[in-house]
Amino acid sequence: MKVIILGAGVIGVTTAWYLAQEGHEVEVIDRQPGVGLETSFANAGQVSPGYSTPWAMPGLPLKVAKWMMEKHSPLVVRPRLDAAMFRFMGELLLNCTEKSYDINKSRMLRIAEYARECLDKLRADTGIVYDGNQKGLIQLFRTDAQVEHASEDMRLLAESGIDHKLLTVDEIIGYEPGLAHARHLLRAGLRLPGDQTGDAHLFTRHLATMAEKAGVTFHLGTKIEALEAASDSILSIRTSAGRMKADAYVLAMGSYSPRILKPLELRLPIYPVKGYSLTMPVTDESRAPVSTVNDETYKVAITRLGDRIRIGGTAELTGYNLRLSPDRRETLELSFNEMYGGGDLAVASYWTGLRPCTPDGTPIVGPSPRYGNLWLNTGHGTLGWTMAAGSGQLLADQISGRPTAIPALDLSLDRYPHWISNA
């Protein structure tokens, strides 16, 4: 079967790899001159199945009201005349119940844990390198309230069979000696030993090279202009290089996925949530991370990537705006300086990207409800790197007509029937 994938980020490239391994003829189209140059380029660097948590949680509305008054808020909403933004926020709030949180987190853990297994196998089978390590993640708590909230997450982790441990401050510093000078700021930490790190862009580049050797064709620097459809199937893709046809099509365009489907009157519950990162060289080994930590107060991740440090985080609802905000940089620098301080911020590269978020936090992986040969692999939010390998393998199995290794029905767009019926 010939399959065309729209999008050459980490999701599109992993999907291409797994489809090629199944014997399909695969082509990938992307407007960028290389792979992994948008949201996959400089994310936080965490492969964190244990930290797979929906933004929609009990108490979020009160937190948002409080954060709106804070300069270094982990969430910033910039109001605009944007119906899609308000609909996304409305559905996000509807998911802020204990029942919805349990459902959403459990299925996010399911796909993320499966993705970790797939990544481990891929690394063992191919020897792919990407400045990665497998030394775990520590979620850092500064307040008793944060520790108390973690007890609910630990219950869900236990139910999902994911290894975890609540650490004392001394135990935290045992794993991350660079935090010693921040001892007075810490109350406890939640360690997830199965979590990993790695440079998503480097991974995507190396996997694309391997995929090319396996027969995948990449059409880079090629703008996707439209999907051309009949009543129940996609007929072709109109691009800047002409029309392209296949037996099946996979939409993996991240935050831009809803835009390409809008003319077909098929809506996706995805909205871009802007994130930022800083990347810099290690200058003081004694005050640098060994692996990766999450500062729960600012929702900032600090990750070791070889001889570099990546600081990533914050969430901003501002449409498709890619302007680099100096305020968001201050928040990243504040968290890093308080926790570590072992890097040269003066030479740090500053980046922003758009995460394709769904209101329930779970990606959309599976068939489209209206077009029989259109498949969706998008909406991974902040966890595209974490879930990439599992999502790619899962979709390759579905397209190939093979049983999936994990339950997949509730990962498809069918869980949003009102979006489909109102399209």
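**Strand pairing, burial and helix crossing**

Analyst: A hairpin is formed by β15 and β16, with four residues between them, and Lys-299 in the turn has a positive phi of about 55 degrees. The model is predicted.

User: What makes β15 and β16 a pair?

Analyst: Two strands count as paired if DSSP finds at least two bridges between them. β15 and β16 have four, in the antiparallel sense, so the criterion is met. One position in this ladder is Asn-294, which stands opposite Ala-301 in β16.

User: Which strand pairs with β15 in the parallel sense?

Analyst: That is strand β5 (residues 137–141), joined to β15 by four bridges. Leu-137 has Thr-292 as its bridge partner in β15.

User: Which residues of strand β15 point one way, and which the other way?

Analyst: Thr-292 and Asn-294 point one way, Val-293 and Asp-295 the other, and all of them are buried.

User: Why is strand β17 called largely enclosed?

Analyst: Buried means under 20% relative accessible area. Nine of the 10 residues of β17 (residues 308–317) are buried, and therefore the strand is largely enclosed by the rest of the structure.

User: Which strand pairs with β17 in the parallel sense, and over how many bridges?

Analyst: Strand β4 (residues 75–77) does, over three bridges. Leu-75 is matched with Ala-315 of β17 there.

User: How do you know that β14 and β16 are also paired with β17?

Analyst: The threshold is at least two bridges. Strand β14 (residues 271–281) has seven with β17, running antiparallel, and Leu-278 stands opposite Ile-311. Strand β16 (residues 300–305) has six with β17, also antiparallel, and Leu-305 stands opposite Arg-308. Both counts satisfy the threshold, so both are pairs.

User: Which residue takes a positive phi in the hairpin of β16 and β17?

Analyst: Gly-306 does, with phi near 65 degrees; two residues lie between the strands.

User: What makes β10 and β12 edge strands?

Analyst: Three strands form an open antiparallel sheet in the order β10-β11-β12. β10 (224–229) and β12 (242–244) each pair on one side only, and they are the edge strands. From one strand to the next, the twist averages 25 degrees. β10 is joined to β11 (residues 234–239) by five bridges, with Ile-224 opposite Thr-239.

User: Why are α4 and α5 called oblique?

Analyst: Helix α4 (residues 98–126) packs against helix α5 (residues 144–159) at about 55 degrees, with the axes 10 Å apart. Roughly parallel would require an angle under 35 degrees, and roughly perpendicular begins at 65. The angle falls between these limits, so the helices are oblique to each other. Their crossing is right-handed. The contact includes Tyr-101 and Leu-109 of α4 and His-149 and Leu-156 of α5.

User: Why does Thr-14 count as buried?

Analyst: Its relative accessibility is 1%, and the cut-off for buried is under 20%, so Thr-14 qualifies. Thr-14 is located in helix α1 (residues 10–21). Setting aside residues up to four places away in sequence, Thr-14 touches Phe-203, Leu-207, Ala-388, Ala-389 and Gly-392.

User: What makes the approach of the Thr-14 side chain to the backbone oxygen of Ala-388 a polar contact?

Analyst: The distance is 3.3 Å, and the limit for such an atom pair is within 3.5 Å.

Notes:
Residues are numbered from 1 along each chain as its sequence is written. This is a predicted model: local features need pLDDT of at least 70, side-chain atom pairs count only at pLDDT 80 or more; totals for chains, interfaces and linings use all residues. Side-chain values use heavy atoms; hydrogens and water are left out. Buried means under 20% relative accessible area, exposed over 50%, partly exposed in between (1.4 Å probe, protein chains only). A polar contact is a pair of N or O atoms within 3.5 Å; within protein, one must be able to donate a hydrogen and the other to accept it, and residues adjacent in sequence count only if both atoms are side-chain atoms. Contact means heavy atoms within 4.5 Å. Axes are lines fitted to C-alpha atoms, for helices over the stretch in contact, and angles run from 0 to 180 degrees between N-to-C directions. Angles under 35 degrees count as roughly parallel, over 145 as roughly antiparallel, 65 to 115 as roughly perpendicular and the rest as oblique. A crossing is left-handed if the near helix is turned anticlockwise from the far one by less than a right angle, and right-handed if clockwise.
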